[in-house]
Amino acid sequence: MKIAVVGTGYVGLVTGVVFADLGNEALCVDIDAAKVDAINKGQSPIYEPGLDDLLQRNLEEGRLRATTDLAHAVRESEVVFICVGTPPTDTGEPDLKYVDAVAAEIGRALNGYKIVVNKSTVPVGTGDRVRRIIEQHRTEPHEFDVVSNPEFLREGSAIHDTLNPDRIVIGADNPRAAMKIVELYAPLERPMLITNLATAEIIKYASNTFLALKISYINAIADLCERTGADVVQVAKAMGYDQRIGHAFLQAGLGFGGSCFPKDVQAFAHTVQRYQLDPTLFQTILDINHARAGQFVAQIRNRLGELQGKTVGLLGLAFKPNTDDIREARALEIIRLLLDAGATVKAYDPVAMPRVQSLFPQVHYCRNAYEVAENADALALITEWNEFRQLNFERIRQTMRQPNLFDGRNLYDPQRMRKLGFYYYGVGRAADPSEFKTVL
Ligand SMILES: NC(=O)c1ccc[n+]([C@@H]2O[C@H](COP(=O)([O-])OP(=O)(O)OC[C@H]3O[C@@H](n4cnc5c(N)ncnc54)[C@H](O)[C@@H]3O)[C@@H](O)[C@H]2O)c1
């Protein structure tokens with residue numbers, strides 16, 4: 001099938017590359033000429049494990065090409081995927097200007113029946129809005145259908161997730177359009193749910209909000225554990241064995257960041273409000289999450305006292321491991337709070353440093369975790385990259401000015417760290433359970 005994929009970010013490029021690999025002809029479109037040039041040279045503009053190889057193979061075999069010419073891509077294709085960003089506006093509502101602009105251009109370029117598939121995360125009703133915009137801009141009465149096909153991939157495992165989705169949601173008001181998209185996905189042999197546009201649009205937000213809810217929920221429990229001598233890691237483990245609950249997204253820590261959860265929960269809160277419903281549940285998820293960075297820095301302050309003249313080393317900056325994405329990364333807020341308090345900040349991340357460097361040039365960027373630890377008064381784990389799992393903590397302790405370890409992701413064994421001579425703080429894990437008395 002000939003497809004156009006508009007927007008070559010995390011969702012668009014991965015979608016284009018995977019569909020090309022399944023034997024389709026994919027034209028990937030972006031307004032950013034530098035991204036288009038890089039893609040045509042086989043260089044992915046984003047870091048995503050496995051993407052470069054897949055991109056190069058499909059370019060070489062002639063199934064994928066990138067272009068800035070959206071009209072040409074639309075004219076050449078049967079199916080057009082919209083994968084542009086929907087960032088939050090100042091009020092937290094999703095900004096649909098990129099989706100609108102693409103819809104208008106698709107309308108002007110229509111030269112026959114097309115299926116326009118929206119993969120961007122958009123509020124319920126956007127499919128109808130896209131339909132109206134295309135109708136307003138088409139110059140001839142060519143038919144088209146709009147489909148909602150929300151994307152659930154996770155950055156860091158985007159290729160794997162796109163090839164092995166838990167489910168494929170296809171929302172269409174016309175069964176003919178839905179069946180065409182079913183055909184496109186059929187080789188993946190994954191469960192497909194065919195529904196109407198509004199349902200598909202809500203499924204995406206309801207899913208992301210629920211995952212964010214689990215994270216904020218366990219973080220609220222972590223705060224109670226910290227005050228009572230309980231260990232949230234064990235609480236979450238025991239909860240997770242209950243099949244009705246599950247282990248996923250039940251890790252206490254610094255909370256969620258990234259380009260999706262914060263903006264999607266906020267957007268959903270706005271949507272329910274627009275329909276005169278109570279957004280308190282969704283707002284609480286955000287409030288709990290927002291407090292995490294401040295609480296973590298407060299722990300560092302409690303231990304070190306005045307941060308002026310102190311050095312804090314950060315391990316990891318990306319919003320999660322295996323990505324260079326720093327949008328809404330917890331590290332950014334933590335760096336800001338530490339710098340405001342007068343601390344010297346050192347940091348290392350395997351791939352995200354260049355992006356953070358442009359925002360915080362005053363941070364000392366290091367070549368590895370050991371360099372971060374040198375002369376630091378505290379070492380804080382922010383992103384649980386695999387390479388931080390098995391560090392030589394004996395060596396780290398010897399080079400630190402003070403052996404204070406703040407584990408923002410509960411990656412390390414508290415007992416082992418204390419045995420090695422560290423003061424260890426883990427989120428929701430009491431410093432010494434024997435010091436606590438429960439209040440009844
Ligand atoms: N990143 C994720 O993990 C993820 C997962 C699921 C869903 N989503 C959703 O998918 C959408 C895209 O997310 P992303 O992370 O890939 O965004 P991104 O910012 O990485 O990429 C968007 C791309 O669209 C391009 N673009 C903007 N306007 C354009 C236009 N008029 N024509 C052509 N290209 C244009 C931009 O230049 C950019 O390259 C968002 O709605 C997001 O919420 C993202």
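This text describes one helix and one sheet of a predicted model.

The helix is H2, which spans residues 33-40. At its start, a side-chain oxygen of Asp32 comes to within 3.1 Å of the backbone nitrogen of Ala34. After H2 comes Gly42, with a positive phi near 85°.

Within H2, the residues Val36, Ala38 and Ile39 are buried. Viewed down the axis of H2, the buried residues fall within an arc of 165°, so they line one face of the helix. An α-helix has 3.6 residues a turn, so residues three or four places apart point the same way. The buried residues of H2 are covered by elements that include helix H1 (10-21), helix H3 (51-60) and strand E3 (64-67).

The sheet is built from strands with higher numbers. Six strands, in the order E11-E10-E9-E12-E13-E14, form an open sheet with parallel pairing. At its edges stand strand E11 (364-365) and strand E14 (423-426); each has a single partner strand, so one side of each is left without a neighbour in the sheet.

Inside this order, strand E9 (residues 311-315) runs parallel to strand E12 (residues 378-381), and 4 bridges join the two. In this pairing, Gly313 stands opposite Leu379 of E12. Strands of a sheet pair through backbone hydrogen bonds, either parallel or antiparallel.

A helix also packs on the sheet: H13 (residues 330-340) touches E9 and strand E10 (344-348). The direction of H13 makes about 175° with that of E9.

Notes:
Residues numbered from 1 in each chain as written. Predicted model: local features only at pLDDT ≥ 70, side-chain atom pairs only at ≥ 80, totals over all residues. Heavy atoms only, no water. Buried < 20%, exposed > 50% of the residue type's maximum accessible area, 1.4 Å probe, protein only. Arc of directions from axis to C-beta. Contact = heavy atoms within 4.5 Å. Polar contact = N/O pair within 3.5 Å; in protein donor to acceptor, adjacent residues only side chain to side chain. Pairing = 2+ DSSP bridges. Axes fitted to C-alpha atoms, helices over the stretch in contact; angles between N-to-C directions.
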